[in-house]
Amino acid sequence: MLFMDCKMVDVLRGRRRLRVSVFKPPCSFWFLLLFGVGGLVLFIHLQDLSDMVLQQAPAGVKFRSTTQSRQEQCGQFSEIVRVHQRSEEGDVDPISPMQLPDSQWKRQAPTPGSREHDPGSQQVTKRHRKLLKTSPVQHTNSSSSSSSSSSSSHSEISRRLSDVQESRRRIVREVCGKYRSNISRTITPHHVSRIYVEDRHKLLYCEVPKAGCSNWKRVLMVLAGVANSTRDINHVSVHYDNHLKRLDSFDRQGISKRLETYTKVLFVREPMERLVSAFRDKFESPNSYYHPVFGKPIISKYRVNASQSALKTGSGVTFREFIHYLLDVHRPVGMDIHWEATNQLCSPCHLHYDFIGKVETLEEDANFVLRKIGAPENLTYPSFKDGNPKAARTSTQITQHYFSQLNASERQRAYDFYYMDYLMFNYSKPYKDLY
């Protein structure tokens, strides 16, 4: 009896343990249960995302096949959402069919009477209407970017020209320090006799004939209010009407004040080219001053068996005769500003010019100066030819043609005559046989 009671107790205890094991499962069971529930929720979420793609995709979007995996569809959706979000933030343009692979797009044929007559038009969804509203802003940003790029380009040009100017001034200082270090620093009226003054814009311009001086005088006259346009000023007004003041017309205090506070400008030209230009202008064209004043004594001294007609008129001076006159220490007639060396005309070792322009880059340099001094925006350096408009401008080729008439010794002596100009303004030797 006691044995049976013990058996019953053991059975009851076993059932109790079984009941406990049923109601208290191990941790692994709960983990598997949660994993399964999570997978079910994820599956449902992916199904909803897939439906959202099909509803919100632009017209013409067609996924590759119904057998495409959910993972691939979800990846495509993520990419589209990412691009749309970037577009709304202003990083990229709204999606267009050409931004996705061709295989993912199939255009819908526009129906007659519909608004989608443009082959590239798309079905406008609520999201796309939002994107379209942002398009003008992006267009404005594009214009701003273009304007910024243009401004940057102008800034780079200005910086480049400023660097060129610094280089030109430095070379002049170095040459003056090496070759003219012992000259007097006292500035006399002679040093400033070729300098024109424009007080309204505080500009000093040193006249170098055959280096764009006629058009520079026109610019100065417009700046001074003498004329409204450079094209309104003829050759006679430029050179003979005395509309412009020279610096040597002021007293010593006026000269010193302007040299200290005004922008000093000098324009130069390749010396041999400038020389040929002067010869062509003064001796090959009719001229009532240079033919009798310079031509007659040149022909008389340097031409053998000159005709009476030539001696009487002074016309027909050859380039070689002109060079003989130029290089003669006992010239039959004095020097002229049209072929005087630039360093003698404008005294760069005394005056320290702020801007040194060159005829080889004339318009760019001149307009850079005008913007720097605050000239009117509509005023630019004129490009028309003064003097003999029908004659071709003196070029490197024309200069070589004239100097080919000289022998090596004459070319060398001509180079020596303008040697300081070549050094100061950094021009290369024009001929290989020069030393």
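Helices in this talk are DSSP runs of H or I with at least four residues, numbered from the N terminus. With that settled, good morning, colleagues. The structure before you is a predicted model, and I shall begin with its overall composition. The protein contains 17 helices and five strands. Of its 435 residues, 38% count as buried. Among contacts with a separation of 6 or more, 68% join residues 24 or more positions apart.

I turn now to charged pairs. Side chains of opposite charge can pair when their charged atoms come close. How many salt bridges does a search of the whole structure find? The search finds 16, and I shall describe some of them.

Let us start in helix α4, residues 126-179. Here the side chains of Glu-174 and Arg-170 form a salt bridge, with 3.3 Å from N to O. Because these two residues are four apart in the helix, about one helical turn separates Glu-174 from Arg-170. Both members of the pair are partly exposed: Glu-174 has 48% relative accessibility, and Arg-170 has 34%. There is also a network of salt bridges, which links Glu-166, Arg-169 and Arg-173.

The next pair is Asp-328 with Lys-301, whose closest N and O atoms are 2.9 Å apart. This salt bridge links distant parts of the chain, 27 residues apart. Asp-328 sits in the loop between α11 (319-327) and α12 (342-346), while Lys-301 belongs to helix α9, residues 290-302. Is Asp-328 buried or exposed? Asp-328 is buried, with a relative accessible area of 15%. Its partner Lys-301 is partly exposed, at 43%.

A further salt bridge joins the side chains of Asp-433 and Arg-411, at 3.1 Å from N to O. This pair, too, links distant parts of the chain, with the two positions 22 residues apart. Asp-433 lies in the segment after α17 (419-424), and Arg-411 lies in helix α16, residues 408-417. Here the acidic residue, Asp-433, is partly exposed at 41% relative accessibility, whereas Arg-411 is buried at 14%.

I now move from charged pairs to the packing of two helices. Helix α5 (residues 213-223) and helix α14 (residues 362-372) have axes that come within 13 Å and cross at roughly 20°. Angles under 35 degrees count as roughly parallel, and α5 and α14 are therefore roughly parallel to each other. The crossing of α5 past α14 is right-handed. Which residues make the contact? From α5 they are Trp-216, Val-219 and Leu-223, and from α14 they are Ala-366, Val-369 and Leu-370. By class, this contact has six nonpolar residues, with no polar and no charged ones.

Finally, I would draw your attention to the backbone. Most residues other than glycine have a negative phi. Lys-210 is not a glycine, yet its phi is positive, at about 70°. Where does Lys-210 lie? It is found in the loop between β2 (203-206) and α5, and α5 is one of the two helices whose crossing I have just described. Asn-242 likewise is not a glycine and has a positive phi, of about 55°. Asn-242 is placed in the loop between α6 (235-240) and β3 (245-246). With 69% relative accessibility, Asn-242 counts as exposed.

That concludes the presentation. Thank you for your attention.

Note on methods:
Residues numbered from 1 in each chain as written. Predicted model: local features only at pLDDT ≥ 70, side-chain atom pairs only at ≥ 80, totals over all residues. Heavy atoms only, no water. Salt bridge = Lys/Arg side-chain N within 4 Å of Asp/Glu carboxyl O. Buried < 20%, exposed > 50% of the residue type's maximum accessible area, 1.4 Å probe, protein only. Axes fitted to C-alpha atoms, helices over the stretch in contact; angles between N-to-C directions. Parallel < 35°, antiparallel > 145°, perpendicular 65-115°, else oblique. Left-handed = near helix turned anticlockwise from the far one by under 90°. Contact = heavy atoms within 4.5 Å. Nonpolar A, V, L, I, M, F, W, Y, C, P; charged D, E, K, R; others polar.
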